[in-house]
Every structure is written in C-alpha cells, then in structure tokens.
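Q: Please take a close look at a single part of the structure below, a sheet, and then set it in its wider context. I would like a connected account that gives the cut-offs along the way.

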Amino acid sequence: THYFVDHRRVRVVGGQGGGGGHSFHSEPWKIYGGPDGGNGGDGGHVILKADQKMKSLYSVLPFYQGFHGERGGRKNCYGANGAHVYVKVPIGTLVKEEGKVLADLAQHGEEYVAAYGGAGGKGNRFFLSNENRAPTLFTPGEPGQERVLHLELKTTAHAGLVGFPNAGKSSLLRAISRARPAVAAYPFTTLNPHVGIVHYQDYEQIAVADIPGLIKGAHENRGLGIAFLRHIERCRFLLYVVDLSEPQPWIQLQDLKYELEQYKKGLSERPCVVIGNKVDLAESKINLPLLREQINERVIALSALTGVNLEELVLHLRELYDTYVKTKQAQGQSPVKW
C-alpha cells in the first residue's frame, strides 16, 4: 500500500566538477607544441520539479546527488557536464530549509534548483600567457552544493472534508470514491490525509481530501493541529461534515469555522456546503430541522453508511466545481485538473 506522505527530509548534493586537464601538445616535427589540457565539465544540479501526476511525497528518496562532471582531456578537449537529477514532486510542495520557505511549487512544470553542481576545474591551457608559455598549473573541480531540505505537501484537492473526529468523513469518502481510508465500529480518528476521486460521465474528475479530524484548539497546534490545517488551505471549496446524532450539531459548525479562521483569516469564507451525516439515526431526524433553522448555509442530510441521499451531494459537488472552473477562467487562470 502506498500511503499518502505529506512531508519528507531530503539531503541533496550537487555533482562535483571535473578536474582540469594537464597535458602538452606532442606530434612529430612540432617542438614546443604548448599546453593543451582542457577544462573539466560542471557537475549536475539536483532539481525539484512539480508534476501533476505525482500525488504524494511517497516516492521521494532521502538522498539525491547530481552526476559528476568529466575531467578535461588532451588536445583542448573539455570534459562533459554532469547530467542534472530531476526529482518529481506533487503540485503544492513547499521547500524549506531551517524553517524558512525557499520555494512553493504550485504550478505543473515549475522547477527549483535544490543543489547546484560544482564548477569544472581549469586545464593548463587556460593559464597560457605571454609571461608563462608552458604552464603546468591546473585546478581540480569544485564540490557540489550540499543541503538538507524539508519538503511539505499542501494538498491541492478541489474539496476538503472538514469535521471533528468520528463525524464520518472517512466513511463518506469511501462512499463517493474509490479511496479506502480505515473505518471501524469504534471511535478513532484518521491520522493521514486521504484523497479520493469522484468520477462523472463527462470524464471530469473532482478530488476530495479527507482531512484528519480537528479538535478545539487545533490552530494552537493541539492534537494533529497545524500539520493538517495546512491541507485545508489549498482546497478550493469545503465540505463541513457534522454529526447529526450529537446534540446541537450547529455548535460543531461554529467551532470548525472558528478554528479555520484562527489559522488563516478568510479560510472559513470559502464556498462550502454543510453535510449532516448519520441521518439514519433517530436522534438525527430531530436535530436536522433545528440545524437548518440555526445556519444559513445549504444542508445536505445523508448517511454515508446506508448511502441515503449521496446523489444530492455528488451533484452539488459538481456545481461547486463548475463554479470554481468558471471563476478561474474568467480571471485568465487555468483551473487545477486532477
């Protein structure tokens, strides 16, 4: 099983430059041919490249090194440059070093040079001058840059399932997509974000992220805290999942919005819909009309367990997606496609 990995510590080293050549031209009937040692090739870079086909940092290795440059040769032949090493990362990857953000790879094909290769050394031909007609000096190649970087992924799903633990987010994601987050008959919370794809007949695909359950004080890094609030930041619209069987379910919605707003101002104002889950329970039928009276947002009552009213959610999810696409196109930007 390939788990969703949202952070990696990576050591990157650029390739070493090739040493300069040291030789003198020699052929019959030509005395004092002069120096002809070529320069060494530059070392290869380590380059991070955003790729929309990558959805997790699972395949990123803990160490990468660029290829070394070749040594300079005789007859003024320069050494070949070392090949660059490209590391594919998902769109939405943050590159950090000692807590400082160096790059935000938010577009497909965007690149960041994580470690530069060393410069190639100079051959003895480079030091030829009127004062020194037979230089013997040549220099070695420079070592490549070495760094330790931290990669963090902010999920770039279209929709984010936001709710408290045991609200039924994982069961809902299993019901509308092929994602298979763990569910059980006893209370527990998801520890890793999961992304499921909702397919439509016109081949459009909407990515829905199951954000691990938040708790009160999450913006102060309590519980899973900031580690997973950052995934919500990249979602284009939000699906608030509340447990209708709990007393006063509108309080859950207020607390969720408060946590999002404390983490980042304006985050709770994104396009959204409220999903009242577990409508198959007796307590839920009493709380549903009370919830609709207390809030202004649209409420979709459903049961992820029995599949009741899932179609309404799938259709409304497409409406939110189409609105997002039209908004991006009107702004002259390309919407994120999964």
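A: The account below begins with the sheet and then turns to a helix pair and the whole chain.

This is a predicted model, in which local features need pLDDT of at least 70 and side-chain atom pairs count only at pLDDT 80 or more, while totals for chains, interfaces and linings use all residues. Residues are numbered from 1 along each chain as its sequence is written, and side-chain values use heavy atoms, with hydrogens and water left out.

The sheet is open and is formed by six strands in the order S10-S11-S9-S12-S13-S14, with mixed pairing; helices (H or I, at least four residues) and strands (E, at least two) are DSSP runs numbered from the N terminus, and two strands pair if DSSP finds at least two bridges between them. In general, strands of a sheet pair through backbone hydrogen bonds, either parallel or antiparallel. At the edges are strand S10 (194-199) and strand S14 (299-301), each of which pairs on one side only. From one strand to the next, the twist averages 25°, where axes are lines fitted to C-alpha atoms, for helices over the stretch in contact, and angles run from 0 to 180 degrees between N-to-C directions.

Towards the S14 edge, strand S13 (residues 272-277) pairs with S14 in the parallel sense over three bridges, and isoleucine 275 has isoleucine 300 of S14 as its bridge partner. Helix H3 (residues 249-263) packs on this sheet, where H3 touches strand S9 (159-162), strand S12 (237-243) and S13 (contact means heavy atoms within 4.5 Å), and the direction of H3 makes about 140° with that of S12.

Elsewhere, helix H1 (residues 169-176) and helix H5 (residues 310-330) pack with their axes 11 Å apart, at an angle of about 80°; H1 and H5 are therefore roughly perpendicular to each other (65 to 115 degrees; under 35 counts as roughly parallel, over 145 as roughly antiparallel and the rest as oblique). Leu172, Ala175 and Ile176 of H1 make this contact with Leu310, Leu313 and Val314 of H5, and the contact residues divide into six nonpolar, no polar and no charged (Ala, Val, Leu, Ile, Met, Phe, Trp, Tyr, Cys and Pro count as nonpolar, Asp, Glu, Lys and Arg as charged, and the others, Gly among them, as polar).

The protein chain as a whole has five helices and 14 strands, and of its 338 residues 49% count as buried (under 20% relative accessible area; exposed is over 50%, partly exposed in between, with a 1.4 Å probe and protein chains only).
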